[in-house]
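Here are my notes on this structure, set out as numbered points. Please read them with the sequence and the 3D view open.

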Amino acid sequence: MAVVKHTEADINLLARLLRAEGESEGQLGMMHIGAVGINRIRGNCSDFRGLRTIPHMVYQEHAFEAVQKGYFYQRARESEKRLARKAVRGHRQWPAKYSLWYFRPSGDCPPTWYNQPLVGRYKLHCFYQPTGEECEEIYKTY
């Protein structure tokens, strides 16, 4: 069962984002990126208030560098669509389980990002999650 409403076009869009942002990190890395995106929609907190759909999340201003690159606009592959479907069903695990932010620094992960604590690193990406006081919805199970 899906944790966010979506259409097949939304699955294609999310699949393209997963590939463009995380292909170098493998399938698990792409799943972490999907979890962060779905958390942003479900959390409705911090910089992500009012995001209700996958297109809102993907195209939020300054949210994902990949949408500015040509690679993002290539057709989604079936392997990434499977990962996108898994993400909309709520699959998430550490370090992205409750994260709203990630980024790829050139060196070590900073201890905070957007005033949120570092929770872990997967390959080259650092993940950051809000506190329960700031974003209660992120910590609810589904």
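1. Start with Trp113, whose bridge partner in β3 is Gln116. The model is a predicted one. Strand β3 covers residues 116-122, and 2 bridges hold its antiparallel pairing with β2. The two strands make a hairpin with 2 residues between them. One residue of the turn, Tyr114, has a positive phi of about 50°.

2. Asn115 sits in the loop between β2 and β3. Its phi is also positive, at about 65°, although Asn115 is not a glycine. As a general rule, most residues other than glycine have a negative phi. Is Asn115 buried or exposed? Asn115 counts as exposed because its relative accessibility is 73%, and the cut-off for exposed is over 50%.

3. The next hairpin is built from β3 and β4, again with a turn to check. Strand β4 spans residues 125-128, runs antiparallel to β3 and is joined to β3 by 4 bridges. Tyr122 has its bridge partner in β4, namely His125. There are 2 residues between the strands of this hairpin, and Lys123 takes a positive phi near 50°.

4. What order do the strands of the sheet take? The sheet is open, has 4 strands and follows the order β1-β4-β3-β2, with antiparallel pairing. At the edges are β1 and β2 (112-113), each of which pairs on one side only. In general, strands of a sheet pair through backbone hydrogen bonds, either parallel or antiparallel.

5. Phe103 belongs to strand β1. Phe103 counts as buried because its relative accessibility is 17%, and buried means under 20%. Leaving out residues up to four places away in sequence, Phe103 touches Pro110, Trp113, Leu124, His125, Cys126 and Tyr128. Two of the residues named for the hairpins, Trp113 and His125, are thus met again here as contacts of Phe103. Between Phe103 and Gly37 there are 13 Å in space, C-alpha to C-alpha, and the two are 66 residues apart in sequence.

6. Now turn to the helices. Which residues of α4 (residues 78-88) are buried? They are Glu80, Lys81, Leu83, Ala84, Ala87 and Val88. These residues lie on the same side of α4, because they cover an arc of only 160° around the axis. The general background is that an α-helix has 3.6 residues a turn, so residues three or four places apart point the same way. The cover over the buried residues of α4 includes α1 (8-22), α2 (26-43) and α3 (54-58).

7. Arg19 is in helix α1. A student may be surprised by its setting, so check the value. Arg19 is buried because its relative accessible area is 1%, where buried means under 20%. Not counting residues up to four places away in sequence, Arg19 is in contact with Met30, Tyr71, Phe72, Gln74, Arg75, Ala76, Arg77 and Glu80. One of these contacts, Glu80, is among the buried residues of α4.

8. Some backbone angles outside the sheet also deserve a look. Asn44, in the loop between α2 and α3, has a phi near 50°, which is positive in a residue other than glycine. Asn44 counts as partly exposed, because its relative accessibility is 27%. Just after α4, Gly90 has a positive phi of about 95°. Further on, the peptide bond from Trp94 to Pro95 is cis, with omega near 5°. Pro95 is in the loop between α4 and β1. In general, most peptide bonds are trans.

9. The last point is the largest pocket, which holds about 610 Å³ of space. It is lined by 26 residues, and those closest to its centre are Glu21, Ala63, Phe64, Glu65 and Tyr102. Helix α1 and strand β1 (101-103) each supply at least two residues of this lining. How many of the lining residues are nonpolar, polar and charged? The lining has 12 nonpolar, 6 polar and 8 charged residues.

Conventions:
Residues are numbered from 1 along each chain as its sequence is written. This is a predicted model: local features need pLDDT of at least 70, side-chain atom pairs count only at pLDDT 80 or more; totals for chains, interfaces and linings use all residues. Side-chain values use heavy atoms; hydrogens and water are left out. Buried means under 20% relative accessible area, exposed over 50%, partly exposed in between (1.4 Å probe, protein chains only). The arc is that of the directions from the helix axis to the C-beta atoms. Contact means heavy atoms within 4.5 Å. On a 1 Å grid over the protein atoms alone, a cavity is a set of points where a 1.4 Å probe fits but cannot get out, and a pocket is an open set with protein on both sides within 12 Å along at least five of seven lines; lining residues have an atom within 4 Å of a point. Grid points are joined across faces, edges and corners, and a volume is the space filled by probe spheres set on the points. Ala, Val, Leu, Ile, Met, Phe, Trp, Tyr, Cys and Pro count as nonpolar, Asp, Glu, Lys and Arg as charged, and the others, Gly among them, as polar. Two strands pair if DSSP finds at least two bridges between them.
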